[in-house]
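Reader: I would love a close look at one part of this protein, the place where a few aromatic side chains come together. Could you walk me through that spot and then through what surrounds it?

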Amino acid sequence: MSELRELELKLEVSPRQLARLKAQGLEALGEPRSRQRLAATYFDTPDHRLHRKGLTLRVRTADGRHVQTIKDAGEAPGIGLFSRSEWETEVAGPEPDLKAASRTPLKKLLADERGGGLSPVFTAEVERTVWLVETDSAAIEVVLDEGAVAANGARSRLAELELELKGGAPGELFALARRLGGAGALKLGILTKSERGYRLVEGEARRFHKAEPVRLSRGMPVADAFATLVRACLRHFRLNEDGVTEARLPEALLQARVAMRRLRSALSLYREL
């Protein structure tokens, strides 16, 4: 089992602009390193204990191999840039192997709390295309996932572009994203595949979303506090954007306006700094 610290920039691709992005942006990256069809099943307890504690557990199958991955939620709610710990190991079959998770937060969580065993909660199937981009100061893996998350008979289509830093300066992730973004409609990603799945399970895929708690600590540097506030406002807006543009929900429009007002207030409060 290996523990990694994952740093990736997650972008959402407009389905209407996907072909344009491929033709005018991704083709310039050259021949892909690989193309694969991936099928993953996400597991949790009946009371969704893992989800409540910020953990995800999945077993992904590709080319006859099964890889178990455990991830934590990271340092803050995601808005584009995600930094998370993950523990990954190959397992014998499509079911979780708790022995392989013995050195992860999952073992303690399941040992300390009562409740039922693990069972499938939702699935994700994607066609994955991978490129490796090397610049003077960084190596970046570019991953395009096209597919869907499914739960309880409902499906949520997805088209995601993930830029994962394999080495070098994090700023190169944004430079590459700007270059690719000129060819198609790219938006900062806010939902991981696991978050999409749980929203389907909980019936929240088409609902409006109120602001999430903003966690600031005493003594936090001013720049970090400002970044945290801006990230929270952008995430609040993006969580409601599809509800406005696709579902035409008045509640989503109201929440999007609230997010923009909060962002303007944050910019005003920090203007002198």
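Author: Happily! Let us start with two rings: Phe122 and Tyr198 are both buried. Please keep in mind that this is a predicted model, with every value computed from it.

How are these two rings arranged? Because the centres of the Phe122 and Tyr198 rings are 5.1 Å apart and their planes stand at 80°, the pair is edge-to-face. The pair joins distant parts of the chain, with Phe122 in strand S6 and Tyr198 in helix H5, 76 residues apart.

Phe122 has another partner. Across the whole structure, a search finds three aromatic pairs. One of them is formed by Tyr42 and Phe122, and this pair is stacked, at 4.6 Å centre to centre with 20° between the planes. Here too, distant parts of the chain are linked: Tyr42 sits in strand S2 (residues 34-44) and Phe122 in strand S6 (residues 119-134), 80 residues apart. Tyr42 has a relative accessible area of 4%, so this residue counts as buried, the cut-off being under 20%. Phe122 is buried as well, at 2% relative accessibility. Put together, Tyr42, Phe122 and Tyr198 make up one aromatic cluster.

Now for the helix that brings in Tyr198. H5 covers residues 193-201, and seven of its nine residues are buried. Besides Tyr198, the buried residues of H5 are Lys193, Ser194, Arg196, Gly197, Arg199 and Leu200. After H5 comes Gly203, which has a positive phi, near 70°.

Two residues of H5 also belong to a nonpolar core. To place that core, it helps to begin with the largest one, which has 21 residues; Leu26, Leu29, Ile140, Val142, Leu161, Leu163 and Leu176 have the most contacts inside it. Strands S1 (2-13), S6, S7 (138-151) and S8 (154-168), together with helices H1 (18-24) and H4 (171-181), each give two or more residues to this largest core. Apart from it lies another core, of 13 residues, and among them are Leu38, Ala124, Tyr198 and Leu200. In general, nonpolar side chains of soluble globular proteins tend to be buried together.

There is also some enclosed space to look at. How many cavities of 30 Å³ or more does a search of the whole structure find? The search finds one, and the largest cavity holds about 40 Å³ of space. Its lining is made of Leu38, Ala39, Ala40, Tyr42, Arg60, Ala124, Glu125, Val126 and Lys193, and Tyr42 we already know from the aromatic cluster. S2 gives the largest share of this lining, four residues, while S2 and S6 each supply at least two. By class, the lining of the largest cavity has six nonpolar residues, three charged ones and no polar ones.

Finally, H5 takes part in an open space too. The second largest pocket has a volume of about 970 Å³. Of the 32 residues lining this pocket, Glu12, Ser156, Arg157, Arg196 and Asp242 are the closest to its centre, and Arg196 is one of the buried residues of H5. The elements giving two or more residues to the lining of this pocket are S1, S7, S8, strand S9 (186-188), H5 and helix H6 (222-245). That lining divides into 14 charged, twelve nonpolar and six polar residues.

Technical notes: Residues numbered from 1 in each chain as written. Heavy atoms only, no water. Buried < 20%, exposed > 50% of the residue type's maximum accessible area, 1.4 Å probe, protein only. Phe/Tyr/Trp six-rings, centres within 6.5 Å; stacked < 30°, edge-to-face > 60°. Core = buried A, V, L, I, M, F, W, Y, C linked by side-chain atoms within 4.5 Å. 1 Å grid on protein atoms, 1.4 Å probe; cavity = no way out; pocket = protein on both sides within 12 Å on 5 of 7 lines; lining within 4 Å. Points joined across faces, edges and corners; volume = space filled by probe spheres on them. Nonpolar A, V, L, I, M, F, W, Y, C, P; charged D, E, K, R; others polar.
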